[in-house]
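Visitor: Can you walk me through this one? I'd like to start with the ligand and then go on to the fold.

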Amino acid sequence: MDLFVVKGGTSLRGRVRVSGSKNAALPIMAAALMADGPTILHDVPELADVSSLSSLLTTLGVAVVRRTDGAMTLESASDEPCVAHYDLVRKMRASVCVLGPLLARRGRACVSLPGGCNIGDRPIDLHLKGLRALGAEIRIERGYVIAEAARLTGTSIYLGGPFGSTVTGTCNVMAAATLANGVTTIEAAACEPEVVDLGNSLNAMGARIEGLGTPFLRIEGVERLAGVEHTIIPDRIEAATLMIAAAATRGRVTLDNVRMDHLTSVVEKLREIGVRVQPRGAAVEVHVPAQLQSADCVALPYPGLPTDTQAQMMSLLTQAQGISIVTDKVFPDRFMHLPELVRLGARIRREGSSAILSGGRPLSGACVMASDLRASAGLVIAGLAAEGETVIRRIYHLDRGYERLEAKLAALGATIRRVKDDPAAIPESLAVPEDNAPPLVPWVHRPAA
Ligand code: EPZ
């Protein structure tokens, strides 16, 4: 296992390119299961999650090739396999996005339930509700979802849940409905740009989906889908993470390959905090002209502030004078990073699905533990803003979803090293703090007079 050693205190400066979106690429790769002919995808990021899905698709009979020009080609060579094994699915929950395409194209899907997750309860009941409404017979056996249907049939589906819409649930049901017999309508569909990117790529394959980007989708089923050539949208969460890192270090950073229209809520919040965000063509420049201000943040489904930026925002707000309240209405338990930020000296306490934070005091480097992908990014940002060195353990979480993050940060001037997790890797500056307190007076038992 690797860890990062981050030396804080340097303002990030320079220019980097944002990679293609992980969460758009994954369901689009899975949709290749439904295509006749090759799918060619540009700007698929090189990440652990992409490798995991490539391995899974390979076991499902898809030839996945990374070409020398960076493009990925996927072509289904056999319609036989339909089992997504636990060993592969447990590594990455998003593997569940093969469920809809497998069922629609092959008539049968046997997909392991992913199991526990560090960011809270993550059921897939809405995925199953939508697929059942399309006529699938679904049962759970030995930890696997077994779904069967000779041909799905179009219908009306309401996909809202207790925490709003579901992103991968919408992807699964929308993808399956493209090959159903007749018209499907989905109400309370997720509006995230990643869902829209999947919908656009499906339409380019021959699907007939209307209403993308709105909560109401109308899908007219077609007989077949063809392969497609498609460029994945820029990763809005990576863009937000780099913007927040620039702000937390009071730097000046230009990001290329950014879709500002996907980042409205993030940019609005950053401006409220005192960060200047200026679009420059297809790029954006971020810097901090004055002191950072506290702000309240509520993570909501799109177009609200993304839950995937909540941890990073919290790190930024430790640098802003005053009290901030950060609430997560998508994953109300997504606060594993909070005690780690406290280890760095942040003053935060949790109240239900909120964290109350008193910012504006310097953080000081320490050893911390990453618990999930975005929490890791939050800790890296806190480490960049802290005085001294911070060690972030378990960064395999980060490798799942950020393409060469440390290289990009280093290109912006950050001092960040990846080393093997070994006691010798812990910098001396992080040894137990010196005890300057006066020696304890031994407690002496004085018998009563
Ligand atoms: C996607 O997860 C993303 N993953 C997550 O990003 C992201 O945090 C999340 O959407 C919310 O934006 C991918 O796109 C691969 P949901 P997903 O279904 O689709 C509840 C990252 O770091 N719910 O939209 O699994 C659920 O518990 C990851 O890149 C149900 O109740 O999330 C949650 O509270 C982490 N029943 C809310 O809905 C269901 O059947 C939203 O979940 C499904 C979800």
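Guide: What follows covers the ligand site, the domains and one sheet. Keep in mind that this is a predicted model.

Visitor: How many residues surround the ligand, and which are the closest?

Guide: The ligand has 24 residues around it. The closest are L126, T166, T168, D308 and V330.

Visitor: What about polar atoms, say how far a polar side-chain atom of T166 lies from an oxygen atom of the ligand? What is it?

Guide: The distance is 2.6 Å, from a polar atom in the T166 side chain to a ligand oxygen. V330 uses its backbone instead: an N or O atom there lies 2.5 Å from an oxygen atom of the ligand. For N23, a side-chain N or O atom is 3.1 Å from a ligand oxygen.

Visitor: How much of the accessible area of the ligand does the protein cover?

Guide: On its own the ligand has 830 Å² of accessible area, and the protein covers 92% of that.

Visitor: Which elements give two or more residues to the shell?

Guide: Those are α1 (22–31), α5 (125–133), α6 (167–177) and α12 (373–385). The largest share, three residues, is from α5.

Visitor: And the shell by class, nonpolar, polar and charged?

Guide: There are 11 nonpolar residues, six polar ones and seven charged ones in the shell.

Visitor: OK, domains. How is the protein divided?

Guide: Into domain 1, which covers 2–18 + 234–430, and domain 2, which covers 22–231. Their centres, taken over C-alpha atoms, are separated by 30 Å.

Visitor: How many residues are in contact between domain 1 and domain 2?

Guide: On the domain 1 side 25 residues are in contact, and on the domain 2 side 20.

Visitor: Where does the ligand lie relative to the domains, and why?

Guide: Domain 1 and domain 2 both give residues to the shell around the ligand, so the ligand lies between them.

Visitor: Switching topic. What is the strand order in the open sheet of four strands?

Guide: The order is β7-β8-β10-β9, and the pairing is mixed. At the edges are β7 (83–84) and β9 (137–141), each of which pairs on one side only.

Visitor: Do β7 and β8 pair in the parallel or antiparallel sense, and over how many bridges? Which of the two is it?

Guide: Parallel, over two bridges, with β8 spanning residues 108–112. In general, strands of a sheet pair through backbone hydrogen bonds, in either a parallel or an antiparallel sense.

Visitor: What is the bridge partner of A84 in β8?

Guide: A84 has V111 as its bridge partner there.

How values were computed:
Residues are numbered from 1 along each chain as its sequence is written. This is a predicted model: local features need pLDDT of at least 70, side-chain atom pairs count only at pLDDT 80 or more; totals for chains, interfaces and linings use all residues. Side-chain values use heavy atoms; hydrogens and water are left out. A residue is near a molecule or strand if one of its heavy atoms lies within 4 Å of it. A polar contact is a pair of N or O atoms within 3.5 Å; within protein, one must be able to donate a hydrogen and the other to accept it, and residues adjacent in sequence count only if both atoms are side-chain atoms. Accessible areas come from the Shrake-Rupley method with a 1.4 Å probe; for residues, only the protein chains shown count as cover. Ala, Val, Leu, Ile, Met, Phe, Trp, Tyr, Cys and Pro count as nonpolar, Asp, Glu, Lys and Arg as charged, and the others, Gly among them, as polar. Domain bounds come from an automatic or database domain assignment. Two strands pair if DSSP finds at least two bridges between them. Contact means heavy atoms within 4.5 Å.
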